[in-house]
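Trainee: I've got the model open, but I don't know where to look first. Please pick one part, go through it closely, and then work outwards from there.

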Amino acid sequence: MQHHASPMTLSERADELEEQLMHELTDKIATKSVLFNMADGKVEMEGGAALQKKHPGKLFLMGADPRLPKLPDKPTLIDFFKLRFASTAHLLQSATHALKAGMDEKVILACLLHDIGVVSFIRCDHGYWGAQMIEPYVDEEVSWAVRTHQALRFFPDESVGYEYPEMYIKYFGADYEPEDYIKAEYERARNHKWYMTSRLICVNDIYSFDPNAKVDLDDFVDIVGRNFRQPKEGLGFDNSPSAHMWRTLMWPTRFL
Ligand SMILES: [Fe+2]
Ligand SMILES: [Fe+2]
C-alpha cells in the first residue's frame, strides 16, 4: 500500500477500505460454526437461507478462506506450524529445553507437540484433542503422553522436581481442584508404563525458562522427519482417523 503524503479524501478512504475488504474475503460467505458463537456466549446458529439473504447473490465458502494464510495442497506438520498455529514459542521452548537436556527423541517430539490443541484448536481438553490429531502419525507413546500431560500437570512429582504450577494458582485460584475425570486420568497415568514420558512433558512445560532463549523450528525438522509419519497425500487427505481435524484447521469457515 502506498503512503499518502497528505490526508486521504473520503472517497480515497472508501476505495481503500473496499479494496481491503475484497482482499479479506472475495465473493463467498464464510460461516461461523456454533462453537465459534458459543465462544461469544451464545448457543446460536444462523440458518443457510437467512445468511444468504443477508449477502444477496453470494455463495457459501466451501474451501479455503482467503483471509487465512494459504496452505499448500499437500500440507505437512511444519506447514501447520507456520501457517495455522497461532503461537509456537511455548512449544519450541519446551522442546528446546528437552533437546538441551539430552532427552529421548520421543520426549522431544512430545514436548514439541504437547499443546497443539491449544495453539491451533481449542483449550478445553487440549491434551485429548492434541493427542487425537497426532495419533495416526506418531508412536503410541507420544500421543499417550500428550493426552495425559493435561492431567499430570495438576499433580506434583517430587522425584523429578515437578511442583504444582504457580501459574495455575494465579490463573485458577488457590482453591481450584481438578475435576474427577482429571483425577482419574492421573491415577491411571501414574501406574502406566509410559508415565515418565508424560511426566517429562510437564518437567519441560514451564514458562520460567529464559524467555530470551533462541528457539527455532528448524532445530526440530529432522526429529519431526524421523518421528512423525507425514502422509504423502498431505495432512487432511490421507483418510486417517484424524484427517478431518486437519482439514477443519485448514478450512474452518466452510459451510459444510
Ligand atoms: Fe498443556
Ligand atoms: Fe504447555
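Mentor: A residue counts as buried under 20% relative accessible area, exposed over 50%, and partly exposed in between (1.4 Å probe, protein chains only). Helices (H or I, at least four residues) and strands (E, at least two) are DSSP runs numbered from the N terminus.

One caution: this is a predicted model, with local features needing pLDDT of at least 70 and side-chain atom pairs pLDDT 80 or more, while totals for chains, interfaces and linings use all residues. Residues are numbered from 1 along each chain as its sequence is written, chains are lettered from A and ligands numbered from 1 in written order, and side-chain values use heavy atoms, leaving out hydrogens and water.

I'd start with helix 12. Of its 10 residues, 8 are buried, so the rest of the structure largely encloses helix 12. Those buried residues are Tyr195, Thr197, Ser198, Arg199, Leu200, Ile201, Cys202 and Asn204. They pack against helix 5, helix 6, helix 9 and helix 11 (180–190); contact here means heavy atoms within 4.5 Å.

Take the helix 9 side of that packing. Helix 9 spans residues 140–152 and helix 12 spans 195–204; their axes are 8 Å apart, and the two pack at an angle of about 55°. Axes are lines fitted to C-alpha atoms, for helices over the stretch in contact, and angles between N-to-C directions run from 0 to 180 degrees. Helix 9 and helix 12 are therefore oblique to each other: under 35 degrees is roughly parallel, over 145 roughly antiparallel, 65 to 115 roughly perpendicular, and the rest oblique.

Who touches whom? Helix 9 supplies Glu141, Trp144, Ala145, Val146, Thr148, His149 and Leu152, and helix 12 supplies Tyr195, Thr197, Ser198, Arg199, Ile201 and Cys202. Sorted by class, the contact of helix 9 with helix 12 has 7 nonpolar, 4 polar and 2 charged residues. (Ala, Val, Leu, Ile, Met, Phe, Trp, Tyr, Cys and Pro are nonpolar, Asp, Glu, Lys and Arg charged, and the others, Gly among them, polar.)

Now stay with His149, one of the helix 9 residues in that contact, because it also takes us to the metal site. His149 is buried, at 1% relative accessibility. The iron ion (ligand 1) has three protein donors, Asp115 (OD), His126 (NE2) and His149 (NE2), lying 2.2 Å from it. Donors are N, O and S atoms within 2.8 Å of the metal (3.2 Å for Na, K and Ca), and since water is not among the atoms, sites may look incomplete. Along the sequence, the donor residues of the iron ion (ligand 1) follow the spacing D-x10-H-x22-H.

Asp115 has a second role at the site. It bridges the iron ion (ligand 1) and the iron ion (ligand 2), which lie 3.7 Å apart. Asp115 sits in the loop between helix 6 (105–113) and helix 7 (116–120), whereas His149 is in helix 9, so the pair ties together parts that are 34 residues apart in sequence. Asp115 is buried too, with a relative accessible area of 8%.

Next, look at His90. Its place is in helix 5 (residues 89–100), and with a relative accessible area of 15%, His90 is buried. Ignoring neighbours within four places in sequence, His90 is in contact with His114, Asp115, Asp205 and Tyr207.

From His126, move on to helix 8, residues 126–134, whose axis comes within 8 Å of that of helix 14 (residues 243–250) and crosses it at roughly 105°. These two helices are therefore roughly perpendicular to each other. Trp129, Gln132 and Met133 in helix 8 meet Met245, Trp246 and Leu249 in helix 14. That contact has 5 nonpolar residues, 1 polar and no charged ones.

Just before helix 8, Asp125 sits in the loop between helix 7 and helix 8. Its phi is near 55°, a positive value in a residue other than glycine, and Asp125 is partly exposed at 22% relative accessible area. Asn239, in the loop between helix 13 (221–227) and helix 14, has a positive phi as well, near 60°. With a relative accessible area of 72%, Asn239 is exposed.

Finally, zoom out. The protein has 14 helices and 2 strands, and buried residues make up 39% of its 256 residues. Its C-alpha atoms fill a box of roughly 65 × 45 × 40 Å along the principal axes. Of the contacts with a separation of 6 or more, 70% join residues 24 or more positions apart.
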